[in-house]
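This report looks at one sheet and one helix. Keep the structure in view while reading.

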Amino acid sequence: METNPIASTLPQQIAADGSPVTARATASKYGAVRMARYLLRSFDDCIDVCETINHQVQERVERDDIEAVFREIECWAMAVPNTVSNIIVGFGIPSLILEDRQTTTHPIRPLQLDFSKSPEPAVKRTPKALVMAHDVKSFFDLNAFNHYLRNPEGLKAQGLELATMRKTMKMMIKKRDGVKANFALILTCTVESDDQKSAG
């Protein structure tokens, strides 16, 4: 993982209640923001990154601060030129969370965040594909999308299974205005038509 300091002139994060103050004050307890970059080549990479950062935050942040810090960790992304589905995603993570140190002496019980009020991804189905797009501003948004995609019942409602998605999924990003979202993560999955299913 590559981490670099980033300037304090980053756009200020807007909290869920419209106020930037609460989340910013919470994150400042955990040090100056640093950039952590990850290369995503597949959906499994996206899951791994979410789980890695989730674990780091849960281990090093006070329990009452976890959701606020998730919302404070801003996300950016760019496509890797000349690749089909590779994306570099960057996270502005407070430096104390990135430090390789053990802060607890006993196993932690992970806090299960409630994503039920988070916007669900926009879904568009064509005869040959299913396209899902989710706007991302913070790590909380990316985690909500990850949570949605790993819910078998939600996928089944769209006529998909996770195993099928992993085989056919392609990832893209689309830049947003940076106010409500920095980018949209777009996943395209190949689906079988009813004729193909009956033929099989």
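## Strand pairing

Two strands count as paired if DSSP finds at least two bridges between them. The model is predicted. In it, strand 6 (residues 129-136) and strand 8 (residues 183-190) are joined by 8 bridges. The two run antiparallel. Across this pairing, methionine 132 faces leucine 187 of strand 8.

## The sheet

The wider arrangement is an open sheet of 4 strands. Its order is 5-6-8-7, and the pairing is antiparallel. Strand 5 (122-125) and strand 7 (170-175) form the edges. Each has a single partner strand, so one side of each lacks a neighbour in the sheet. On average, neighbouring strands are turned by 20° against each other, direction ignored.

## Helix 5 over the sheet

Helix 5 (residues 139-149) lies across strand 5, strand 6 and strand 8. Relative to strand 6, the helix runs at about 150°.

How many of the 11 residues of helix 5 are buried? The count is 10, so the helix is largely enclosed by the rest of the structure. Among them are the aromatic residues Phe139, Phe140, Phe145 and Tyr148. Asn143 and Asn146 are also buried.

## A buried charge

Aspartate 141 lies in helix 5. This residue is buried yet has no salt bridge. A salt bridge needs a side-chain nitrogen of Lys or Arg within 4 Å of a carboxyl oxygen. The nearest side chain of opposite charge is arginine 71, 5.3 Å away.

Which residues does aspartate 141 contact, leaving aside its neighbours within four places in sequence? They are His134, Asp135 and Val136.

Note on methods: Residues are numbered from 1 along each chain as its sequence is written. This is a predicted model: local features need pLDDT of at least 70, side-chain atom pairs count only at pLDDT 80 or more; totals for chains, interfaces and linings use all residues. Side-chain values use heavy atoms; hydrogens and water are left out. Axes are lines fitted to C-alpha atoms, for helices over the stretch in contact, and angles run from 0 to 180 degrees between N-to-C directions. Contact means heavy atoms within 4.5 Å. Buried means under 20% relative accessible area, exposed over 50%, partly exposed in between (1.4 Å probe, protein chains only). Lys and Arg count as positive and Asp and Glu as negative; His and the chain ends are not counted.
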